[in-house]
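Trainee: I have a new protein open and don't know where to start. Can we go through it together?

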Amino acid sequence: GYQLVDGQTVEVTVSVTRKDPSQPVVCILRARSLDGSETGRREVLVPPSSQATVQVTALVKTSKPPAMGDVYGCGTDVPAYLRAP
């Protein structure tokens, strides 16, 4: 789901279900304008968990007024800059 915060921000909430919840994943959340074009994007780390399904919420900043927010996709190839040191 999503909630429009202001003319430059959308809050995106996604439920992430993993076969192996001990593995971290990265999800790409995005904002889209009224014409459907992508106007903002953010990578979010979903850390290991004891539960198979977790809910993640993050703010996505936009370059144009947002009309909606969604998840582009999730994967197990977590970039080094998102991993804990």
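**Strands, sheets, core and disulfide**

Mentor: Start with a hairpin, which joins strand 1 to strand 2 through two residues. Before going on, note that this is a predicted model, in which local features need pLDDT of at least 70, side-chain atom pairs count only at pLDDT 80 or more, and totals for chains, interfaces and linings use all residues. Residues are numbered from 1 along each chain as its sequence is written, and side-chain values use heavy atoms, with hydrogens and water left out.

Trainee: How many helices and strands does the protein have?

Mentor: Zero helices and six strands. Helices (H or I, at least four residues) and strands (E, at least two) are DSSP runs, numbered from the N terminus. Along the sequence the pattern reads β-β-β-β-β-β.

Trainee: Back to strand 1 and strand 2, then. In which sense do they pair?

Mentor: Antiparallel, over four bridges, with strand 1 covering residues 2–6. Two strands pair if DSSP finds at least two bridges between them. In strand 2, T9 is the bridge partner of D6, and V10 is that of L4.

Trainee: Which open sheet has strand 2 in its order?

Mentor: The one with the order 1-2-5, made of three strands with antiparallel pairing. Strand 1 and strand 5 are its edge strands, each pairing on one side only. On average, neighbouring strands of this sheet are turned by 20° against each other, direction ignored. Axes for that are lines fitted to C-alpha atoms, for helices over the stretch in contact, and angles run from 0 to 180 degrees between N-to-C directions.

Trainee: And what order do strands 3, 4 and 6 take?

Mentor: They form an open sheet in the order 4-3-6, also with antiparallel pairing. Strand 4 and strand 6 are the edges, each pairing on one side only. The twist here averages 25° from one strand to the next. Strand 3 and strand 6 share seven bridges, and L29 has V71 in strand 6 as its bridge partner.

Trainee: New topic. Which residues touch the most other members of the largest nonpolar core?

Mentor: V12, V14, V16, L29, V46, V56 and V60, out of 14 residues in that core. A nonpolar core is a set of buried Ala, Val, Leu, Ile, Met, Phe, Trp, Tyr and Cys residues joined through side-chain atoms within 4.5 Å. Buried means under 20% relative accessible area, exposed over 50%, partly exposed in between (1.4 Å probe, protein chains only).

Trainee: Which strands supply at least two residues each?

Mentor: Strand 2 (9–17), strand 3, strand 4 (38–46) and strand 5 (53–61).

Trainee: What is V12 in contact with?

Mentor: Leaving aside neighbours within four places in sequence, its contacts (heavy atoms within 4.5 Å) include L29, V56 and V60, as well as G1 and Y2.

Trainee: Last thing: which residues does the disulfide join?

Mentor: C27 and C74, with S to S at 2.0 Å. The cut-off is a pair of cysteine sulfur atoms within 2.5 Å, and the count by this rule is one. The link of C27 and C74 is right-handed, with 105° about the S-S bond.

Trainee: What does the pair tie together?

Mentor: C27 lies in strand 3 (residues 25–32) and C74 in strand 6 (residues 68–75), so the pair ties together parts that are 47 residues apart in sequence.

Trainee: Is C27 buried or exposed?

Mentor: C27 is buried, at 2% relative accessible area, whereas C74 is partly exposed, at 45%.
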